[in-house]
Structures are given as C-alpha cells and as structure tokens.
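Hi everyone, thanks for coming. I'd like to walk you through a structure that's probably new to most of you, so let's get it up on the screen.

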Amino acid sequence: MSLDSHIERVLWTPDQIAARVSDLAAQISADFSLSQPPALVGVATGAFLFLADLARQIPLPVTVDFIRAESYGSGTRSNGAPTISLDLKVDVTGRHVVLVEDIVDTGSTIERLIAHMESKGASSVSVCTFLDKPSRRKVHFQLLSNGKFYRGFECPDYFVVGYGMDFDERYRNLPYIGVLKPELYK
C-alpha cells in the first residue's frame with residue numbers, strides 16, 4: 001500500500017517547499033552576511049530534511065549540529081514538557097545560533113531550546129521553522145538578543161506529515177507536506 005493513500009490532502013508540494021526554503025536561505029544569508037556566520041542547530045529528527053536543504057543554500061561558512069528535544073512520544077499532541085535527550089557537540093559560546101525546527105506548535109519546545117542555547121553562552125538565538133502553527137501557541141517565547149523568527153509556512157491546525165515530519169516515526173520520507181487521515185492516528 002502506498003503512503004500517498006494515507007494522506008487526506010497535500011498542503012505543500014515539493015516545488016512549493018523548494019521555493020520557500022530558497023527564500024528562507026536567502027533571508028538568513030543576507031541577515032548574517034556582515035557578521036559571524038551562525039551555527040545552524042537542527043532539532044532532530046523532524047528538521048533533518050529541512051536543515052539539509054536550507055544549509056546547502058546558505059553560502060556562508062556555517063556550522064551544523066543537531067539537538068534532540070522530545071515532547072510528542074508516539075502521540076499527536078505535545079506533552080508541554082520537552083526534555084533534551086541529545087545535546088550539541090559544537091561549542092556555541094559567543095556564537096549566533098539559528099535553531100532549525102520542523103514545526104513550532106505550542107512553543108514549549110522552542111522556549112526550552114532557546115533557554116538551553118542561552119545557558120550554553122550563545123550571543124543570539126534565532127528560530128527558523130519550516131511550519132508555524134500560531135493557532136496552537138501556548139507559550140510566547142522570546143528570542144535571544146537580536147534573534148529573528150523565520151517562518152516557512154503558516155500551517156492550519158491539522159496533523160501533518162512529510163518532509164521529515166512523522167507520525168510514530170513513519171511518513172518522514174514523503175516529499176511533500178500532507179494531512180494524515182485521522183483514522184490512521186486516532
């Protein structure tokens with residue numbers, strides 16, 4: 001059975017994704033062109049494809065690392081209490097950090113990660129999220145120093161998969177963002 005048959009509808013196609021990632025990379029490149037290049041920190045595992053595509057289009061000597069913050073388990077809703085289960089290898093002391101997220105939902109995870117980067121001595125923390133769900137925001141996080149918020153797409157309140165995002169570790173390999181049929185996760 002094809003994974004495509006599990007999708008209720010496609011929200012963003014591979015071409016739309018590629019164009020938006022290119023736009024975000026251009027914005028980040030322009031914002032950091034006259035300063036120290038940032039450390040791109042991908043939030044594993046959902047942001048891995050987005051981070052790879054984004055990093056390849058930033059013509060600056062960025063560093064790349066991953067951090068893992070867990071707040072979903074195998075469910076469809078954040079538990080609101082994210083924990084860091086894999087930390088950075090790159091030293092971010094005095095560096096500009098761009099946290100690269102697949103989706104900002106309640107804001108709890110990104111708030112925790114910003115505080116963690118601050119505790120590690122980052123000079124600024126920006127957030128680059130592929131999808132943003134402001135309608136689900138419970139925590140209104142503050143960026144560090146002169147950090148910026150970069151958003152790929154504003155996502156309606158659907159459970160979405162693809163382009164790195166999963167349900168129970170499946171569907172990450174879909175080349176688009178689609179709405180998972182509710183009967184598959186309820």
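Before I point at anything, one term: a strand here is a DSSP run of E with at least two residues, and strands are numbered from the N terminus. Also keep in mind that this is a predicted model.

Okay, let's start with H96. You'll find H96 in strand β5, which covers residues 96-104. Is H96 buried or exposed? The cut-off for buried is under 20% relative accessible area, and H96 has 15% relative accessibility, so H96 counts as buried. Who are its neighbours? Leaving out residues up to four places away in sequence, H96 touches F32, S35, Q36, P38, A39, S123 and S124. With S124 there's also a polar contact, side chain to side chain, at 2.7 Å.

Next up, the cysteines. How many disulfides does the count come to? Zero. Take C128: the nearest cysteine sulfur belongs to C155, and that's 15 Å away, whereas a disulfide needs the two sulfurs within 2.5 Å. Turn it around and C155 has the sulfur of C128 as its nearest, again 15 Å away, and C155 is in no disulfide either. As for accessibility, C128 is at 0%, so C128 counts as buried, and C155, at 3%, counts as buried too.

Last stop, a sheet. Three strands make an open, antiparallel sheet, in the order β1-β9-β8. On the edges we have β1 (7-12) and β8 (160-161), each pairing on one side only. Zooming in, β8 pairs with β9, residues 177-180, over two bridges in the antiparallel sense. In that pairing, V161 has G178 in β9 as its bridge partner.

Note on methods
Residues are numbered from 1 along each chain as its sequence is written. This is a predicted model: local features need pLDDT of at least 70, side-chain atom pairs count only at pLDDT 80 or more; totals for chains, interfaces and linings use all residues. Side-chain values use heavy atoms; hydrogens and water are left out. Buried means under 20% relative accessible area, exposed over 50%, partly exposed in between (1.4 Å probe, protein chains only). Two strands pair if DSSP finds at least two bridges between them. Helices (H or I, at least four residues) and strands (E, at least two) are DSSP runs, numbered from the N terminus. A polar contact is a pair of N or O atoms within 3.5 Å; within protein, one must be able to donate a hydrogen and the other to accept it, and residues adjacent in sequence count only if both atoms are side-chain atoms. Contact means heavy atoms within 4.5 Å.
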